[in-house]
Amino acid sequence: KTAIVDEGAQIGDNTRIWHWVHVCGGARIGASCSLGQNVFVGNVVVIGNNVKIQNNVSVFDNVTLESNVFCGPNMVFTNVYNPRSAVSRKDEYRKTLVKQGATLGANCTIICGTTIGEYAFVAAGAVINRDVKAYALMAGVPARQIGWMSRHGKRLDLPLTGNAQTTCPDTGVHYQLKNGHCLCLNL
């Protein structure tokens with residue numbers, strides 16, 4: 001009863017919307033999502049299926065979250081690169097894309113204009129200011145790559161560069177590092 005869903009918003013089946021959420025009328029939200037307490041979803045936002053957005057997250061205009069993305073509590077998206085209170089820059093919003101299966105840890109910040117690759121894992125508190133490769137494990141301020149993660153969310157025993165192969169310790173799925181990019185071989 002405390003949530004506000006503006007007329008025109010598209011919300012898929014089995015999506016749960018908790019207290020104090022505001023979904024703007026132009027938002028498109030897929031099925032089986034969860035929007036935690038105090039979440040804001042802007043007008044020019046697309047959210048895929050099975051996305052989990054934890055408490056106190058604002059998904060501003062020009063952000064796209066593909067399916068199975070996890071947004072940790074209090075993480076931050078921006079949409080203007082150089083904001084000033086006295087200067088209107090609504091025509092300068094930059095697009096942010098978070099691809100399938102990525103995890104954005106608690107209190108991390110995603111600077112607008114970046115793409116987060118499939119199944120990437122952004123550590124709690126990290127600041128992302130450039131594109132992130134698929135399966136990359138990112139940490140720090142500004143964030144740098146410190147490893148690779150499996151689809152299951154386990155750290156992979158792979159070097160950052162070169163060519164190598166490994167297996168997810170929990171699932172047995174095989175991964176290959178080739179020319180600095182991680183690939184899942186069991187597709």
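The count of disulfides in this structure comes to zero. The model is a predicted one.

**Cysteines**

A disulfide needs two cysteine sulfur atoms within 2.5 Å. The sulfur of Cys33 has its closest cysteine sulfur in Cys71, 10 Å away, which is too far for a bond. Cys168 is in no disulfide either, with the sulfur of Cys184 as its nearest, at 9.2 Å. Cys33 is buried, at a relative accessible area of 0%. Cys168 is also buried, at 2%. The table sets out the sulfur distances.

| Cysteine | Nearest cysteine sulfur | Distance |
|---|---|---|
| Cys33 | Cys71 | 10 Å |
| Cys168 | Cys184 | 9.2 Å |

**The nonpolar core**

In soluble globular proteins, nonpolar side chains tend to be buried together. Here the largest nonpolar core holds 45 residues. Ile53, Leu65, Phe77, Leu104 and Ile116 touch the most other members. Several strands feed this core with at least two residues each: β8 (45-47), β11 (63-65), β20 (136-139), β24 (174-178) and β25 (181-184).

Take Ile53. Neighbours within four places in sequence are set aside. Ile53 then contacts Ser34, Leu35, Gly36 and Val39, among others. Its contacts also include Ile47, Val59, Leu65 and Cys71. Leu65 is itself one of the core residues that touch the most other members. Cys71 has appeared already, as the cysteine whose sulfur is closest to that of Cys33.

**The three-stranded sheet**

Phe77, another of those core residues, leads to an open sheet. Three strands make up this sheet, in the order β13-β16-β19, and their pairing is parallel. β13 (76-77) and β19 (127-128) stand at the edges with a single partner strand each, so one side of each has no neighbour in the sheet. Two bridges join β13 to β16, which covers residues 109-110. The two strands run parallel. Phe77 has Ile110 of β16 as its bridge partner.

**Around β20**

β20, one of the strands that supply the core, pairs with β18 and with β21. Strand β18 (residues 121-122) runs parallel to β20 and is joined to it by two bridges. Phe121 stands opposite Leu137 of β20.

Strand β21 (residues 144-149) runs antiparallel to β20, with four bridges between them. Ala136 has Trp148 in β21 as its bridge partner. β20 and β21 form a hairpin with four residues between the strands. In this hairpin, Gly140 takes a positive phi near 105 degrees.

Key. Residues numbered from 1 in each chain as written. Predicted model: local features only at pLDDT ≥ 70, side-chain atom pairs only at ≥ 80, totals over all residues. Heavy atoms only, no water. Pairing = 2+ DSSP bridges. Core = buried A, V, L, I, M, F, W, Y, C linked by side-chain atoms within 4.5 Å. Buried < 20%, exposed > 50% of the residue type's maximum accessible area, 1.4 Å probe, protein only. Contact = heavy atoms within 4.5 Å.
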